[in-house]
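Here is my note on the structure you asked me to look through. Please read it with the sequence and the model open beside you.

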Amino acid sequence: MTAKPKTIWDRLEDIPREILYGLLLVCIIVPMLFPIGFPVPISVEVKRWYDTIEALPAGSVVMVDFGYSGGGEPELAPFAVATYAQLFRKADIKVVTMSTSNEGPLLWEKAMTELNIARFGKEYGKDYIHIGYIAGVETAMAAVGKSISATTTTDYKGTPLSKYSIMQGVDSAEDFALLIVYTTGGDQSEGWVRQWYTSYKTPYLSCVLAMMVPTMLPYQKAGQIVSVVSGAQAGQIEILVKAPGRGVKSADVITVTHLLCIALVVVGNIAYFGKKFSGGKS
Amino acid sequence: MSIIMKKSVPIALVFITAVIFLLEYFVLPTELKSTVTMLQNWGIILTAFTLGFGAVNMIMFHGKQVSRRAKGQWPYSLWLLIILVLFTLVGVIMGATSTQYSWLYSSSYFALSATVYSSLGFYMTSGIYRALRAKNAESALLLIVGVIVLARNAPALAAQFPILVNMDSWLSSVPTTSAQRGIMIGAALGAIALGLRTMIGRETGFLGQTTEGEKGG
């Protein structure tokens, strides 16, 4: 008994995954090698993020949670680097960074290298500092909110915090004008609402993975987070900060790969209905 | 070990600790601040300790796999142990913020971790192609919403067709947020119930024991 030959609808309805993967790979590599320069519109959320930082008065101290893991670096780091650039361009803003992820300090160093911090003339320990990885996730957030000095006595390199001028007069959540969080963890992004916004009303900016955004939207709608953005929107903040980098480059890739997905959905549905109306079963 | 030490003492400790935290948050924030700070620091230390405990547990488990030459497993276990020892030695001797440790992390774990996560994009593309088909009313709805969100998240399409932004904004603000709120409120009520049951000793899962309900009682 010979097998029934495959129709065009059969072939289009079940394109081998190797071909799909190959097409996606082409859609990633080509715009990377030959940037197209598609427009990057600025969303309301990213504009609000930018405006919140711009509105910080001189002398403000900002807390940053560098809480993502290595897997999330390609998505979140470009946004973090552009935001640091915006913070460091402003006069007299102090940035205290901590990590609720154990990979945080290493990834922070990587981001600082990418940022080329020397060009801003900022000094470690005077204008910015990293107080290290603090275990415990929400317990760590609550403890740091109450008292940094009671939670940790050294920075991420093990140097006593008392040696750094930036820490003078900075100890609890009440001393911070803004909280910025980059994280790949739901416990972290939601935990900061519970431990800092609810207790101290600290304005909170949250940058998460794109797939985490829907989970965070209720907090933004309730006013507990000023702005929720995804790392995939990094191109927008880079344009606002006028520091184009990995985010702008990846915007072309995002457009082309999303167009491929839409095209595949159209092809899949045409094949499904073509087969159905030509008498074949689907 | 007596039932008092196995059950009563841990439950009493949980009850007292929970009451201290509740009183500090709602009634006596100033008076109990130092006590709560101390307890939180204990929590941080215990969490950090569990990381070390996890490493010891992994050494014991994979050490057994290697010594028994577990079929199809022991080479991976051996590789894991080598990497674990290498990272530990470099971290302890050179320091966890040293150039050597940073290089080791960046060129091995970080690169692999980013690669594995990024490979999800390939599975998602295949999944979108196969799943988004208008086979019935529900899947047609999923298809329409999926295509709108896909198109809106392509920066060039969003710039060309601003209506996509408005549609996505409505989808995010109304159906998505409503559903998420329902889930969150339900989970929060569940967490409160679980907390209260744990405080009064009705929930004994944290002691490694089953509840009466799980026993069928």
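The points below take up the sheet of chain A, then the helix contacts between the chains, and then the domains of chain B.

1. Please keep in mind throughout that this is a predicted model. The remarks that follow therefore describe computed geometry in that model.

2. In chain A, six strands form an open sheet with parallel pairing, and their order across the sheet is 3-2-1-4-5-6. The edges are taken by strand 3 (128-133) and strand 6 (227-230) of chain A, and because each of these has a single partner strand, one side of each is left without a neighbour in the sheet. On average, and with direction ignored, neighbouring strands of this sheet are turned by 15° against each other.

3. Within that sheet, strand 4 (residues 178-183) and strand 5 (residues 204-208) of chain A run parallel and are joined by five bridges. Leu179(A), for example, has Tyr204(A) in strand 5 of chain A as its bridge partner. Helix 9 (residues 213-221) of chain A packs on the sheet, where it touches strand 5 and strand 6 of chain A, and its direction makes about 165° with that of strand 6 of chain A.

4. Helix 9 of chain A also packs against helix 8 (residues 162-199) of chain B, at an angle of about 95° and with the axes 8 Å apart; the two helices are therefore roughly perpendicular. On the chain A side the contact includes Pro214(A), Leu217(A), Pro218(A), Tyr219(A) and Lys221(A), which meet residues of helix 8 of chain B, among them Ser172(B), Thr176(B), Gln180(B), Arg181(B) and Met184(B). By class, the residues of this contact divide into five nonpolar, six polar and two charged.

5. A further contact between the chains pairs helix 11 (residues 246-277) of chain A with helix 6 (residues 137-152) of chain B, at an angle of about 155° and with the axes 9 Å apart. Because angles over 145 degrees count as roughly antiparallel, these two helices are described as roughly antiparallel to each other, and their crossing is left-handed. His258(A), Cys261(A), Ile262(A), Val265(A) and Asn269(A) in helix 11 of chain A meet Leu143(B), Val147(B), Leu150(B) and Ala151(B) in helix 6 of chain B. This contact has seven nonpolar, two polar and no charged residues.

6. Chain B is divided into domain 1 (1-94), domain 2 (95-131) and domain 3 (133-200). Taken over C-alpha atoms, the centres of domain 1 and domain 3 of chain B are separated by 36 Å.

Terms used
Residues are numbered from 1 along each chain as its sequence is written. Chains are lettered from A and ligands numbered from 1 in the order in which they are written. This is a predicted model: local features need pLDDT of at least 70, side-chain atom pairs count only at pLDDT 80 or more; totals for chains, interfaces and linings use all residues. Side-chain values use heavy atoms; hydrogens and water are left out. Axes are lines fitted to C-alpha atoms, for helices over the stretch in contact, and angles run from 0 to 180 degrees between N-to-C directions. Helices (H or I, at least four residues) and strands (E, at least two) are DSSP runs, numbered from the N terminus. Angles under 35 degrees count as roughly parallel, over 145 as roughly antiparallel, 65 to 115 as roughly perpendicular and the rest as oblique. A crossing is left-handed if the near helix is turned anticlockwise from the far one by less than a right angle, and right-handed if clockwise. Contact means heavy atoms within 4.5 Å. Ala, Val, Leu, Ile, Met, Phe, Trp, Tyr, Cys and Pro count as nonpolar, Asp, Glu, Lys and Arg as charged, and the others, Gly among them, as polar. Two strands pair if DSSP finds at least two bridges between them. Domain bounds come from an automatic or database domain assignment.
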